[in-house]
Amino acid sequence: QVQLVESGGGLVQPGGSLRLSCVASGSIFSIYAMGWYRQATGKQRELVARITGVGYTMYADSVKGRFTISRDNAKNTVLLQMNSLKPEDTAVYYCNGAITTTIQGTNNYWGQGTQVTVSS
């Protein structure tokens, strides 16, 4: 069993910053990649940023230069630093991990989501 727990969401004014954190726990053997997705009301879930175990990163065009993803492999944690936030960044942000467990092999896991609202 694997759990992903996000924290750090909230309400922020346009131009402000937030940092999201996600911690993976459970019977983890290894983590291939972790990332952040978001889903705005009435829209499909979309990839925001992703990082592999060796540090390769990718970002959605809409967040390049504003968001930074990082990872602490020893703590099974992934962070998303969000700067210069815009109202269109408002969404529920979900943590995702491609995780190998000691029992079930490699699967895709999701957190419960954390709300980010950018509004004045």
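This report describes the fold, the nonpolar core, the aromatic contacts and several individual residues of one protein chain.

## Overall architecture

The structure is a predicted model. The chain contains zero helices and 11 strands, and from the N terminus its elements therefore read β-β-β-β-β-β-β-β-β-β-β. The radius of gyration is 14 Å, close to the 14 Å given by the globule rule for 120 residues, so the chain is as compact as a globular protein of that length. Along the principal axes, the C-alpha trace spans about 45 × 25 × 20 Å.

Of the 120 residues, 42% count as buried. The accessible surface of the chain comes to about 6,400 Å², and carbon and sulfur atoms account for 49% of this area. Among contacts with a separation of 6 or more, 55% join residues 24 or more positions apart.

## Nonpolar core

The largest nonpolar core comprises 29 residues, and those with the most contacts inside it are Leu4, Trp36, Leu80, Met82 and Tyr93. At least two residues of this core come from each of strands S1 (2–7), S3 (18–26), S4 (28–39), S5 (46–52), S7 (67–72), S8 (77–82), S9 and S11 (114–118).

The surroundings of Leu80 illustrate how separate segments meet. Leaving aside residues up to four places away in sequence, Leu80 touches Leu18, Arg19, Leu20, Trp36, Val48, Ala49, Phe67, Thr68, Ile69 and Tyr93. Two of these partners, Trp36 and Tyr93, are also listed with Leu80 among the core residues with the most contacts.

## Aromatic pair and charges over rings

A search of the whole structure finds one aromatic pair. The ring centres of Tyr37 and Trp110 are 5.0 Å apart and the ring planes stand at 65 degrees, so the pair is edge-to-face; the cut-off for that class is an angle over 60 degrees. Tyr37 belongs to strand S4 and Trp110 to strand S10 (residues 105–110), so the pair ties together parts that are 73 residues apart in sequence. Trp110 counts as partly exposed because its relative accessibility is 36%.

Arg45 lies over the faces of two rings. One is that of Tyr94, with a distance of 3.7 Å from the ring centre. The other is that of Trp110, at 4.6 Å from the ring centre. Trp110 thus takes part in the edge-to-face pair with Tyr37 and also has Arg45 over its face.

## Residues in strands S9 and S5

Val92 is located in strand S9 (residues 91–101). Its relative accessible area is 21%, so Val92 is classed as partly exposed; the limit for a buried residue is under 20%. Apart from residues up to four places away in sequence, Val92 touches Tyr37, Arg38, Gln39, Gly113, Thr114 and Gln115. One of these contacts is thus with Tyr37, a member of the aromatic pair. By contrast, the C-alpha atoms of Val92 and Asp72, 20 residues apart along the chain, are separated by 23 Å.

Thr52 is part of strand S5. With a relative accessibility of 12%, Thr52 counts as buried. Beyond the residues up to four places away in sequence, Thr52 touches Tyr32, Ala33 and Arg71.

## Loop residues

Most residues other than glycine have a negative phi. Two loop residues depart from this pattern: Asn76 has a positive phi of about 50 degrees, and Ser84 has a positive phi near 50 degrees. The loop positions and accessibilities of these residues, together with those of Lys86, are collected below.

| Residue | Loop | Relative accessibility |
|---|---|---|
| Asn76 | between S7 and S8 | 24%, partly exposed |
| Ser84 | between S8 and S9 | 41%, partly exposed |
| Lys86 | between S8 and S9 | 34%, partly exposed |

Setting aside its neighbours within four places in sequence, Lys86 is in contact with Arg66 and Val118. The C-alpha atoms of Lys86 and Ser62, which are 24 residues apart along the chain, are separated by 10 Å.

Key
Residues are numbered from 1 along each chain as its sequence is written. This is a predicted model: local features need pLDDT of at least 70, side-chain atom pairs count only at pLDDT 80 or more; totals for chains, interfaces and linings use all residues. Side-chain values use heavy atoms; hydrogens and water are left out. Helices (H or I, at least four residues) and strands (E, at least two) are DSSP runs, numbered from the N terminus. Buried means under 20% relative accessible area, exposed over 50%, partly exposed in between (1.4 Å probe, protein chains only). Contact means heavy atoms within 4.5 Å. A nonpolar core is a set of buried Ala, Val, Leu, Ile, Met, Phe, Trp, Tyr and Cys residues joined through side-chain atoms within 4.5 Å. Rings of Phe, Tyr and Trp (its six-membered ring) pair if their centres lie within 6.5 Å; planes under 30 degrees apart count as stacked, over 60 as edge-to-face and the rest as tilted. A charge sits over a ring if NZ of Lys or CZ of Arg is within 6 Å of the ring centre and within 35 degrees of the ring normal. The radius of gyration is taken over C-alpha atoms; the globule rule is 2.2 Å times the number of residues to the power 0.38. Accessible areas come from the Shrake-Rupley method with a 1.4 Å probe; for residues, only the protein chains shown count as cover.
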